[in-house]
Amino acid sequence: MTKNIEKVEDSIERDLVKGNEAIAMGALDAGLMFYFGYPITPQNDIPEYLSYHLPRVGGSFIQAESEIASINMVLGAAATGKRAMTSSSSPGISLKQEGISYMAGSEIPGVIVNISRSGPGLGGISPSQGDYFQATRGGGHGDYRVLVLAPNSVQEMYDLTILAFDLADKYRNPAMILGDSILAQMKEPMTRHKKIPPQTEKEWALTGAEGREPQLLKSLYLAEGELTEHNWKLKEKYDSMAEDVRFEDYLTDDAKLIVCAYGSVSRIVRTSIDRVREKGMKVGLLRPITLFPFPNDRLRELSKKVKNFFVVELSTGQMVEDVRLSVVGDANVDFFGNPPGSIPSPAQLTELIEKYYPG
């Protein structure tokens with residue numbers, strides 16, 4: 001069972017599209033008005049596409065002087081109630097963390113795209129899932145969270161970008177698309193939608209105080225107890241995001257082993273699951289689509305009847321911690337990590353699944 005991503009009816013075109021371009025198209029179709037960014041591979045197709053197309057729909061594209069400048073421009077533009085976005089890759093996202101924290105603290109929505117590359121440090125442009133902690137734990141200073149959506153196809157790069165804008169507005173909070181260079185650079189058939197989703201009136205937006213009292217968006221609270229109250233308010237909001245958790249269940253109804261994977265590697269896992277199913281092994285897949293909020297409840301529910309889990313990540317182990325926190329105490333969680341520099345093959349993962357399949 002999949003908790004479906006909402007679709008807009010009346011699709012108008014299906015074409016062969018690169019993942020990065022799918023994100024740019026999704027942003028335009030979500031009503032993007034402001035984009036600010038700074039070049040870094042492997043996400044440069046996003047600003048390249050938007051530099052041409054965004055001004056043609058009345059929006060503004062600015063190549064900022066740095067990653068730090070670009071996120072603060074997003075903060076300022078989004079404070080007016082307009083939809084704003086930035087994109088980058090791992091070390092560039094690191095530079096944006098202070099601004100993202102300010103946005104979360106000021107309750108200003110916006111979309112940040114991380115087409116992650118390998119690290120730590122400069123690393124390289126090979127695919128990696130080593131930014132999971134940074135994305136799901138806030139990344140910057142303070143006690144905050146960011147909505148995180150993890151596509152595993154070009155179509156989801158498009159659909160989840162539209163959804164990211166809607167959820168950012170719903171919760172007045174930054175939302176992140178977490179992809180990698182596989183998804184960014186590959187081409188797949190994609191359906192683009194006709195209608196821009198309706199946007200609600202933003203009473204909090206800074207649009208000028210003519211005819212009303214001035215408004216203030218801030219993250220600085222100095223009065224006695226004021227910051228404590230604000231942080232508890234934010235915590236309540238982060239908890240409420242659980243109603244928008246999304247995941248894919250694949251063949252879990254009769255499974256004796258459930259593999260957990262997200263993003264690009266989940267596609268390789270699915271191929272391996274199909275192969276071991278042909279051998280009679282009852283293996284399923286739980287794929288988180290929202291990394292925050294994480295599908296804790298679904299994993300807990302599954303672990304009451306399935307006692308063996310196997311986590312696969314393109315890292316030395318990050319999401320595996322959330323899986324272990326989610327399952328009930330007597331469930332066993334094994335792990336396979338494939339750090340940057342190579343990609344596991346279906347044959348390799350098939351062999352590992354057979355190894356961990358309960359006898």
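Here are a few friendly notes on one helix pair and the largest pocket in this predicted model.

1. Start with two helices, α10 (residues 296-303) and α11 (residues 319-326). Their axes come within 8 Å of each other and cross at roughly 60 degrees. If you wonder why both values are given, two packed helices are described by the angle between their axes and the distance between the axes.

2. How should we name this arrangement? Angles from 65 to 115 degrees count as roughly perpendicular and those under 35 as roughly parallel, and α10 and α11 are therefore oblique to each other. The crossing of α10 and α11 is also right-handed.

3. Which residues make the contact? From α10 come Asn296, Leu299 and Arg300, while α11 brings Val323, Leu325 and Ser326. Sorted by character, the residues of this contact between α10 and α11 are 3 nonpolar, 2 polar and 1 charged.

4. Now turn to the largest pocket, which holds about 540 Å³ of space. It is lined by 23 residues, and those closest to its centre are Arg145, Asp239, Phe292, Phe294 and Asn296. You have met Asn296 already, as one of the α10 residues in the contact with α11.

5. Which elements give two or more residues to the lining of the largest pocket? They are α8 (226-240), β12 (290-292), α10 and α11. The largest share of that lining, 5 residues, comes from α8.

6. Finally, look at the character of the pocket lining: its residues divide into 12 nonpolar, 8 charged and 3 polar. As you explore the structure, try finding Asp239 and Phe292, two of the residues closest to the pocket's centre.

Technical notes. Residues numbered from 1 in each chain as written. Predicted model: local features only at pLDDT ≥ 70, side-chain atom pairs only at ≥ 80, totals over all residues. Heavy atoms only, no water. Axes fitted to C-alpha atoms, helices over the stretch in contact; angles between N-to-C directions. Helix = DSSP H or I, 4+ residues; strand = E, 2+ residues; numbered from the N terminus. Parallel < 35°, antiparallel > 145°, perpendicular 65-115°, else oblique. Left-handed = near helix turned anticlockwise from the far one by under 90°. Contact = heavy atoms within 4.5 Å. Nonpolar A, V, L, I, M, F, W, Y, C, P; charged D, E, K, R; others polar. 1 Å grid on protein atoms, 1.4 Å probe; cavity = no way out; pocket = protein on both sides within 12 Å on 5 of 7 lines; lining within 4 Å. Points joined across faces, edges and corners; volume = space filled by probe spheres on them.
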